[in-house]
Amino acid sequence: MKSKEIIDDVTMKRAITRITYEIIERNKNLENTVLAGIKTRGVFLAKRIQERLSQLEKLELPLIELDIKPFRDDFKVEEDTTFAPVDITEKDVILVDDVLFTGRTIRAAIDNLVSLGRPKRVSLAVLVDRGHRELPIRADYVGKNIPTSSSEEVIVEVVEVDGQDRVTLVEEA
């Protein structure tokens, strides 16, 4: 099994900053915006975007921690550990995840969102878009596009969970 680091900690920080600037540029008014991080790593990436928005725009956006497991189509988990401290009805919601692959995780996240309320608009920010979509889903904000083969796996590590920030591409044997 070969692995290759494709994003280091500095590059990850830059990508998150770039995504944050794009969010600011594309949204005239962020007052009606909610960030929704997909558990687990998407939550930590969303918190970083939230911190950058606070630094750059002096704005405190609410953050939802979305659990998509009960909404998946491949296996069901009954317990929903979603933490939603704010009503999303008529809000602009920005979903945040680490890797966009088939689109099935995002579909489950959207199902969870609409179970919480009726957002005005939903957009998607991902650290890595690796292609291979099975559903018609695309990211609005992308840290890095990484073309992959189906035999490769993208591993995102964040310091809050894994002790370091990096993205590696692993070739399956």
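How many cavities of 30 Å³ or more does the structure hold? In this predicted model, one such cavity is found. The volume of the largest cavity is about 30 Å³. Its lining consists of Ile 16, Ile 19, Leu 45, Ile 49, Val 96, Asp 97, Val 126 and Leu 127. Two helices and two strands, namely α1 (9–26), α2 (41–57), β4 (92–100) and β5 (121–129), each give two or more residues to this lining. By class, seven of the lining residues are nonpolar and one is charged, while no polar residue takes part. The charged residue is Asp 97.

The largest pocket was computed to have a volume of about 630 Å³. A total of 29 residues line this pocket. Those nearest the centre of the pocket are Arg 72, Asp 97, Asp 98, Val 99 and Thr 105. Asp 97 thus appears in the lining of the largest pocket as well as in that of the largest cavity.

With regard to secondary structure, at least two residues of the pocket lining are supplied by each of α2, β4, α3 (104–116) and β7 (152–157). Helix α3 accounts for the largest share, with five residues. Both α2 and β4 contribute to the pocket lining and also give two or more residues to the lining of the largest cavity. In terms of residue class, the pocket lining comprises 13 charged, 11 nonpolar and five polar residues, whereas the cavity lining has seven nonpolar residues and one charged residue.

Terms used: Residues numbered from 1 in each chain as written. Predicted model: local features only at pLDDT ≥ 70, side-chain atom pairs only at ≥ 80, totals over all residues. Heavy atoms only, no water. 1 Å grid on protein atoms, 1.4 Å probe; cavity = no way out; pocket = protein on both sides within 12 Å on 5 of 7 lines; lining within 4 Å. Points joined across faces, edges and corners; volume = space filled by probe spheres on them. Helix = DSSP H or I, 4+ residues; strand = E, 2+ residues; numbered from the N terminus.
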